[in-house]
Amino acid sequence: MNFDLPEDAEEMRRATRDAVDAMLKHEPAYHETGVVHDDVEATLREMGFYGMAIPEAYGGNPLDHLTSVAIQLELARLPPQFWPFVRSSIGPGVHILVEHGSEALKSQWLPGIAAGLSRNCIAITEPSAGSDVARMSTTAVLDGDHYVLNGTKTFISNANHAHTITVLAVTDRKAGKKGLSAFLLDTRLPGFTITRRMKTMGWMDDSLCEIAFDNCRIPKDHLLGEEGRGLSYAMSGMNEGRLNVGCQALGPAQIALEQTIEHAKTRVTFGQALAEHQAIQHMIANMAMDLHAARIVLFEAVWRASRGEEARMKASMVKVICTEAACRIADTALQIFGGSGYCRGTVVERVYRDLRVLRIYEGASEIHRNMIARELLS
């Protein structure tokens, strides 16, 4: 296995790090105002980050798996509020559109997504159907040349900013999981509403929503792929999505480690820097080992995926190992910072809150452990 980037990809990674360092200068002002500086969005667009998963034919700049992960690890050093729509542009909703959308749908929507002008999200989770997708109750009934959607989805990220939503709905109740289909919803359609915005402990923005469909009529040709294949399409996209979550975990963990090392060198207690206390040295060593081991797991899974190997179990391992390691690192960072780290407006406090959700979304750690065990025992 070779995780070295080609020279052009390494140059892109270094350019991304420099750009992220420049954007991070806007973080203190964001903590004060809650407003992301215009320079951030302009930089993300100019550098082509929105097109990382979109074919060139539609204005994208598609990256190989390894380069994409290297770039995401740098972008993930940013506060999550700085790049939510880049994450959605490389997420499972867009993946399904790229792989299974009609030529007309791809030509209509992908160029705008690649340019950062159009936004997509995915809607799967329901109030009574999270990890247990078979309990999904949102239906799509064919009526002439339209499907009629009815139901409710919850915990939908970026729904209030989306121009399109990739929606999973039941088209054949008797078929169970094989009766789910995927559709591309234009959010301007009558019958689609955002019913509430959900406040969270981290990612302090307004982008987590509950949405509803009330006799919402979607043109028949907005079916993505074939009826009954929606779950398999989503799972394929989620394998990549879980590798992306690994990046979203380790980017903040890296910046927490960097902040902690700097703090330990400059903070003086009992007449010496924190870094001179052996207990603190061991804590920092554990942080670095956790981070390195998790990165190796991530890159190994990405390397195998790039070779076309089955990625489901490896993606689940990445999801669990990287998110749990990152949370341990953030917890240790806050412990070393002490009271100052617990105060709002500090980077380690922000990282601590923002990381916690990663052990829940894209499949909770417990669900992934179930999936890994089933694979091993089958």
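**Strand pairs, helices and three residues**

Me: Which residue in β7 stands opposite G151?

Reply: F213 in β7 stands opposite G151. This is a predicted model, where local features need pLDDT of at least 70, side-chain atom pairs count only at pLDDT 80 or more, and totals for chains, interfaces and linings use all residues. Residues are numbered from 1 along each chain as its sequence is written, and side-chain values use heavy atoms, with hydrogens and water left out.

Me: Which way do β3 and β7 pair, and over how many bridges?

Reply: Antiparallel, over 9 bridges, with β7 covering residues 208-219. Two strands pair if DSSP finds at least two bridges between them. The elements are DSSP runs, numbered from the N terminus: helices are H or I with at least four residues, strands are E with at least two.

Me: What else does β3 pair with?

Reply: Strand β2, residues 139-143. That pairing is antiparallel over 5 bridges, and β3 itself spans 146-157. A140 stands opposite L149 in β3.

Me: How many residues sit between the strands in that hairpin?

Reply: The hairpin of β2 and β3 has 2 residues between the strands. G144 takes a positive phi there, near 70°.

Me: And β7, which strand is joined to it by 5 bridges?

Reply: β6, residues 192-197. β6 and β7 run antiparallel. One bridge pairs R197 with C209 in β7.

Me: Switching to helices. What span should α9 have?

Reply: 42 Å, for its 29 residues at 1.5 Å a residue. The expected span is 1.5 Å times one less than the number of residues. The end C-alpha atoms of α9 are 42 Å apart, which agrees.

Me: Which residues of α9 are buried?

Reply: Among them are I280, I284, M287, L291, A294 and L298. F299, E300, A301, V302, W303 and A305 are buried too. Buried means under 20% relative accessible area, exposed over 50%, and partly exposed in between (1.4 Å probe, protein chains only).

Me: What do the buried residues of α9 pack against?

Reply: Helices α4 (65-75), α8 (230-266) and α10 (312-337). G308 follows α9, with a positive phi near 80°.

Me: Where is A275?

Reply: In the loop between β10 (272-273) and α9 (278-306).

Me: Buried, or partly exposed?

Reply: A275 has a relative accessible area of 28%, so it counts as partly exposed. A275 touches A264, K265 and Q281, not counting residues up to four places away in sequence. Contact means heavy atoms within 4.5 Å.

Me: How far apart are A275 and T164?

Reply: 50 Å in space, C-alpha to C-alpha, and 111 residues in sequence.

Me: What about H263, which helix is that in?

Reply: H263 is in α8. H263 counts as buried because its relative accessible area is 13%.

Me: What is H263 in contact with?

Reply: L274, I336, F337 and S340, leaving aside neighbours within four places in sequence.

Me: Now V20. Where is it, and is it buried or exposed?

Reply: V20 is in helix α1, residues 7-24. V20 has 0% relative accessibility, so it counts as buried.

Me: Which residues does V20 contact?

Reply: E74, L75, R77 and L78, again leaving aside neighbours within four places in sequence.

Me: How far is V20 from P219?

Reply: The C-alpha to C-alpha distance is 41 Å, with the two positions 199 residues apart in sequence terms.

Me: Last topic, α12. How many of its residues are buried?

Reply: 8 of 10, so α12 is largely enclosed by the rest of the structure.

Me: Which ones are they?

Reply: V347, V348, E349, R350, V351, R353, D354 and L355 are buried in α12.

Me: What do those pack against?

Reply: The buried residues of α12 pack against α2 (27-33), α8, α10 and α11 (339-342).

Me: Back to α8 for a second. Which two helices pack their buried residues on α8 in what you told me?

Reply: α9 is one, since its buried residues pack against α8. α12 is another, with α8 on its list too.
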